[in-house]
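Work through the exercises below with the sequence and the coordinates at hand. Each task is followed by a solution in steps.

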Amino acid sequence: MARTITAVSVVDALADDVRRRLFSGELPSGTPVTESLLAEDYNVARSTSKAAIEKLTTEGLLERGAHKSARVPVLSIEDVRDIYRTRLRLESSALRELAAEHRVPAAATAANERVRQAGATIAAGGSIAAVEPDMQFHASLIEAIGSPRVEHMYRSLVDEVRLCMAQVQGRSLLSVERIAAEHQEILEHLDAGNAEAAVACLDGHLERARERLVEAIRA
């Protein structure tokens, strides 16, 4: 049965839906994503599926070797650690600026409430439900400092970060309750103006996710 997509551009719509499936964990690491499979799955022309695959490959969400079909990247331990290290550098800088002003971004508070709400969905079996609000929480910290260039750097990481987070939550490596509690602790440190405590909390928060994913990859 063909999937349904809504779009202005069919290529963009197809790429958007495949991207959604990647982030939801529906297409796990190593899954082949071929032109013929997409063409059949979505009832589109091979040229359309080829263009969508090329778009996602350019974004780093699919990879393709010479004369090989595209597939969902298999993140190495080094990839995961570098992604999380880069996140920490950018997010900790944002926390220090926000703490200096005792500023708690409203968007971060709202996103963390959605993380909490996702807990019920996860308890019912929807293990990926927390990924997007979790990502929104962290992105809102970057956005709150109002630097277009820092936002641009962070956005360049966003897709790889989502892939990591989808793998963490897809494997049920962290409880949503703990994620939300640690987010709340970061916000409380910002409100108190305690930059180093906020950064230390963020460091531990990211380290747990990183190392559990590393352990899962190594297993």
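**Exercise 1: Glutamate 54**

Glutamate 54 is partly exposed, with a relative accessible area of 40%. This value comes from a predicted model, as do the others below.

Task: Find in which helix glutamate 54 lies, and how far its C-alpha atom is from that of alanine 15.

Solution.
- Step 1. Glutamate 54 belongs to helix 3, residues 46-58.
- Step 2. Along the chain, glutamate 54 and alanine 15 are 39 residues apart.
- Step 3. In space, their C-alpha atoms are separated by 9.2 Å.

**Exercise 2: Overall make-up**

Task: State how many helices and strands the protein has, and give the order of its elements.

Solution.
- Step 1. There are 9 helices and 2 strands.
- Step 2. Read from the N terminus, the order is α-β-α-α-β-α-α-α-α-α-α.
- Step 3. The protein has 219 residues, and 45% of them count as buried.
- Step 4. Of the contacts between residues at least 6 apart in sequence, 72% join residues at least 24 apart.

**Exercise 3: Glutamate 35**

Task: List which residues glutamate 35 touches, leaving out those up to four places away in sequence.

Solution.
- Step 1. Locate glutamate 35 in helix 2.
- Step 2. With those sequence neighbours not counted, glutamate 35 touches Arg46, Ser49, Lys50, Ile53 and Arg64.
- Step 3. For isoleucine 53, the C-alpha to C-alpha distance from glutamate 35 is 7.4 Å, with their positions 18 residues apart in sequence.

**Exercise 4: Helix 4 against helix 9**

Task: Decide whether helix 4 and helix 9 are roughly parallel or roughly antiparallel.

Solution.
- Step 1. Two packed helices are described by the angle between their axes and by the distance between the axes.
- Step 2. Helix 4 (residues 77-100) packs on helix 9 (residues 195-218) at an angle of about 165°, and their axes are 9 Å apart.
- Step 3. Angles over 145 degrees count as roughly antiparallel, so helix 4 and helix 9 are roughly antiparallel to each other.
- Step 4. The crossing of helix 4 and helix 9 is right-handed.
- Step 5. Sorted by class, their contact has 15 nonpolar, 1 polar and 9 charged residues.

Task: Is arginine 210 buried or exposed?

Solution.
- Step 1. Arginine 210 sits in helix 9.
- Step 2. Its relative accessible area is 18%. Buried means under 20%, so arginine 210 is buried.
- Step 3. Apart from residues up to four places away in sequence, arginine 210 touches Val80, Arg81 and Tyr84.

**Exercise 5: Positive phi**

Task: Place asparagine 43 and histidine 102 in the chain, and give their phi angles.

Solution.
- Step 1. Most residues other than glycine have a negative phi.
- Step 2. Asparagine 43, not a glycine, has a positive phi of about 60°. Asparagine 43 is in the loop between helix 2 (35-42) and helix 3, and is exposed at 63% relative accessible area.
- Step 3. Histidine 102, not a glycine either, has a positive phi of about 55°. Histidine 102 is in the loop between helix 4 and helix 5 (106-123), and is partly exposed at 44%.

**Exercise 6: Helix 8**

Task: Compare the expected span of helix 8 with the distance between its end C-alpha atoms.

Solution.
- Step 1. Helix 8 (residues 176-192) has 17 residues.
- Step 2. At 1.5 Å a residue, helix 8 should span 24 Å.
- Step 3. Its end C-alpha atoms are 24 Å apart, which agrees.
- Step 4. The buried residues of helix 8 include Val176, Ile179, Glu182 and His183.
- Step 5. Just after helix 8, glycine 193 has a positive phi of about 75°.

Terms used:
Residues are numbered from 1 along each chain as its sequence is written. This is a predicted model: local features need pLDDT of at least 70, side-chain atom pairs count only at pLDDT 80 or more; totals for chains, interfaces and linings use all residues. Side-chain values use heavy atoms; hydrogens and water are left out. Axes are lines fitted to C-alpha atoms, for helices over the stretch in contact, and angles run from 0 to 180 degrees between N-to-C directions. Helices (H or I, at least four residues) and strands (E, at least two) are DSSP runs, numbered from the N terminus. Angles under 35 degrees count as roughly parallel, over 145 as roughly antiparallel, 65 to 115 as roughly perpendicular and the rest as oblique. A crossing is left-handed if the near helix is turned anticlockwise from the far one by less than a right angle, and right-handed if clockwise. Ala, Val, Leu, Ile, Met, Phe, Trp, Tyr, Cys and Pro count as nonpolar, Asp, Glu, Lys and Arg as charged, and the others, Gly among them, as polar. Buried means under 20% relative accessible area, exposed over 50%, partly exposed in between (1.4 Å probe, protein chains only). Contact means heavy atoms within 4.5 Å. The expected span of a helix is 1.5 Å times one less than its number of residues.
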